[in-house]
Structures are given as structure tokens and as C-alpha cells.
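Morning, everyone. I have one model to walk through today. Here it is on the screen.

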Protein chains: 2
Amino acid sequence: MSTTTGQRPMRADARRNYERLLAEAKESFLEHGADASLEEIARRAGVGIGTLYRHFPTRLALQEAVYREEMEQLAAKAYELAETSPPDEGIAAWILAIAEYSRTKRGLVQILKATIDLHSDQFISCHDQIETAAETILARAHAAGTARPDLRPCDLLRLAHALSVASERAPEDTELLLSFMLDGLRPRS
Amino acid sequence: MSTTTGQRPMRADARRNYERLLAEAKESFLEHGADASLEEIARRAGVGIGTLYRHFPTRLALQEAVYREEMEQLAAKAYELAETSPPDEGIAAWILAIAEYSRTKRGLVQILKATIDLHSDQFISCHDQIETAAETILARAHAAGTARPDLRPCDLLRLAHALSVASERAPEDTELLLSFMLDGLRPRS
DNA sequence: AACAATACGGAGGTACCCTCCGGTTGGCAA
DNA sequence: TTGCCAACCGGAGGGTACCTCCGTATTGTT
């Protein structure tokens, strides 16, 4: 789903349409959530529906393309946090970042889901990227002994996913929910 | 959404159709998830689509009717656990029960969402029922000092919702995820 | 038996999904 | 420049689903 086919570069018109679609899709997903109408996206891009489907055979493919950049930023944030924060704080901040982000850009939730799902082969690059980031940030916590040893990278992503879904309708409680997740239900001793 | 209109009982044919619809809906939601086709439900019930919409003006109304019974059972479970288990174990078990249940009967997730959303006036009875159950089970934990004082009933429901969504594709990890939520990320000391 | 009141059903208008293929366009070679 | 063909476009078309509306049928009551 990149702008080159690996071999020859795309034809000029193809590239133009690809980019218009991407721009409109970004807008539409933001506006109507992850199940915005694909036909409207094509319409707004001034392009036939067939063209949309040629470039992005599936809704998920389109979402991936739209959010790839943001995914990279989230991954980058993990590396940044791994260097600048204490391990456990870093994890908390990262989960929060993912959750908050995916509330704004609602399409991300589906991608997160697909990323979490091991059987999705469409998303290998996104998957690897985020999973590696999760590994990195988790590795330090494990080394420092501040994370349970049985905590895996994908669990981190699942928690982020859970948090983003759960706080969808009550953004103001996001941090509180996260604190429950992180610190447990018992009173601090 | 009950089988009587508050005043006179429903006409015989109306009641018959109502029940057929309910039965087919239960089946369909189980089979295809919460967004099963309403037209197919009507078809399988041998009833016109108009009849479905008359009885259940909205998809959520139909789901509510289908799951009301199960909601009652979940609420009952809360009371049962409140009497038979230590407070914190009870909470864990209850959240788990909700999450496991909603994975099986996938429509419940939407209801859980609507229940959590305070602005849904369609669901007052369900909402009250579950929320009261959550209150009860939580009250004991608070009294016993085993739950953080800032933990509210709706947070419990949100956690259950989060858990059910997060473990959708990996049921085997449900308990592990729950343990992260409950016990936090730090190693046990 | 006749008459309201109540309930039925499905046609119809709209929207969306996705596929398929005749027509168009861009870029390269002559 | 011209011409050619692979690459690309667009949208019609067939299918499904949503929801509304209203002429028709059924119920139960007098």
C-alpha cells in the first residue's frame, strides 16, 4: 500500500488519486469514525469508487495507510519514554498516549485490534513496529524488576486497547481507569 | 418493551409475533454478533420487517429485550458473590463473569456500553439493575477496606467492558488480563 | 354480526458494499 | 511527434440492509 509498487513508480494519475483518497479518508475517519462510508470518501476525493478499491482493497487497508504515520509516532514515543522515564511510569504514559490518541482518531481502534490479532497478515509492518516498541519499553521494566515477569508486549497493547474502548464515552475518567489497571483495586499499603 | 403496554394486555397476534422475534433475535445475535441483520431476524421469525420495528423501534431495544434476562442473572450473581466470597475475590469473579459472558453472547457488549453511558434513557431499568448490583458488591469491599475508596460502581462496569473487548480475540488470556487490571503491573512484594 | 381499534407486512426510497469491464490516459519507443 | 499498450479510471450493476409509511387484515368487544 505504498506509493510505489516496489518496481516502477506509480503513474502520475494513480499517485495523485492515491493521495487525494488518503487525505479525504483521514478527514472522514476523523469525522465519522472508523466506519465512515467508503463511497463518500471516494466522492469527496473526486474519484470513482472503483479507484478507491483498487488502491485499498479493504477498509482496513485504507485505515492502515491513514494511520501508519501516527502509528510510527506512537512507536517513537515508546522509545522516547524508554529513555526519559522510569520504566513503570513510561509504560503508564505510553498506554495513556495510545488510549488518548485512539479516542481522537477513532479509526485507530480497529487497527489496534487487527494489530493485536496475530492472524492478520495485512498488518505485518504496523504490527512489528508497535510490538517491537512495546517490547522495548517493557524490557527495561522487566530488567528493573518493576513489571511482572509474565507481562508480555501484546498484553500491553491489549490493555491500551481495552482502555481506549472503555473510556470512549467518558474521556475524563481515562486516567482513573488506567490507574485501576496499573495499581490494582486494593488500597495502597 | 414488555409484553404488555402497561394498560390492556397485548393482542394475541402481537404477543405471538413479539415472542417469535425475541427467539430469533437471540439466535441471530448469538450467531452473527450484535449487528446481525434485523431483516433476517424478521424473516426467520416469519414476520414482516415492519412488525419488528413496531415492537423494537431500535436495534438496541431489541438487544435489551434479548439480554434482559441474562442481565438479571449477572446482577443476581453479584449478590450471590457478595455473600459467599471475600470482597475482593468477589469483585474479580464478577468482572470475569461479565467478561466471559459477553464473549459468548456478543450482543451484551453493546448493552454494557449503553449501560455505562449515563445519557442512555432507553436502558434505565437495565442500568439501575446492574449498577445497583455493582454498588452492592463494591460496598462490601469498601467496608472491608480492600478496595480503593475512589473506585465507583461504574468503574467496575467499565473495567468489565474493557476486559470483554480486549480479550475478544484471545479468550485464553482473559484471566491474565484481569489479573493485570486487578493486581497492577508491579511484582508481588 | 358488525365495527373500531390494533396490528400486520412489504413495497419503496435511500445508502452502502464490492465487482467487473469498456473506455481513457500516461509515458515510452520509434 | 506520433502511436501504441500497459496501467489506470469510473461508475453501472447486483446484492444487502436500513427504516418509514400506509393500505389491508386480524382481534376482541358490543
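**Protein and DNA**

Start with α3(A): this helix gives five residues, the largest share of the surface near DNA strand D. Helices here are DSSP runs (H or I, at least four residues; strands are E, at least two), numbered from the N terminus.

Some ground rules. This is a predicted model: local features need pLDDT of at least 70, side-chain atom pairs count only at pLDDT 80 or more, and totals for chains, interfaces and linings use all residues. Residues are numbered from 1 along each chain as its sequence is written, chains are lettered from A and ligands numbered from 1 in the order in which they are written, and side-chain values use heavy atoms, with hydrogens and water left out.

Stay with strand D. Near means that a residue has a heavy atom within 4 Å of the strand. There are 22 residues around DNA strand D, and A:R11, A:N17, A:G50, A:R54 and B:Y53 come nearest. Which elements each supply at least two residues of that surface? From chain A, α1 (12–32) and α3 (49–55). From chain B, α1 (12–32), α2 (38–44) and α3 (49–55).

By class, the strand D surface has nine charged, seven nonpolar and six polar residues. Nonpolar is Ala, Val, Leu, Ile, Met, Phe, Trp, Tyr, Cys and Pro; charged is Asp, Glu, Lys and Arg; the others, Gly among them, are polar.

Now the polar contacts. That term means a pair of N or O atoms within 3.5 Å; within protein, one must be able to donate a hydrogen and the other to accept it, and residues adjacent in sequence count only if both atoms are side-chain atoms. The side chain of A:N17 puts an N or O atom 2.7 Å from a phosphate oxygen of DNA strand D. For A:T51, a polar side-chain atom is 2.9 Å from a phosphate oxygen of this strand. For the side chain of B:R59, the distance to a phosphate oxygen of DNA strand D is 3.3 Å. Of the strand D atoms within 4 Å of the protein, 61% belong to sugar or phosphate; the rest belong to bases.

**The other strand**

On to DNA strand C. Here 21 residues lie around the strand, with A:Y53, B:R11, B:N17, B:G50 and B:R54 nearest. The helix that gives the most is α3(B), with five residues. Sugar or phosphate accounts for 60% of the strand C atoms within 4 Å of the protein, and bases for the rest.

What does A:A12 bring to a phosphate oxygen of DNA strand C? A backbone N or O atom, at 3.0 Å. A:R59 has a polar side-chain atom 3.2 Å from a phosphate oxygen of strand C. B:G50 goes to a base: its backbone N or O atom lies 3.4 Å from a base oxygen.

**Helix α8 of chain B**

Last stop, away from the DNA topic. Helix α8 of chain B covers residues 153–166. All 14 of its 14 residues are buried, meaning under 20% relative accessible area (exposed is over 50%, partly exposed in between; 1.4 Å probe, protein chains only).

B:D155 sits in this helix. Why does B:D155 count as buried? Because its relative accessibility is 0%. Its side chain makes a polar contact with the side chain of B:R152, at 2.8 Å. Beyond its neighbours within four places in sequence, B:D155 is in contact (heavy atoms within 4.5 Å) with A:L176, A:L177, A:F180 and B:D150.

Key: Expected span 1.5 Å × (residues − 1).
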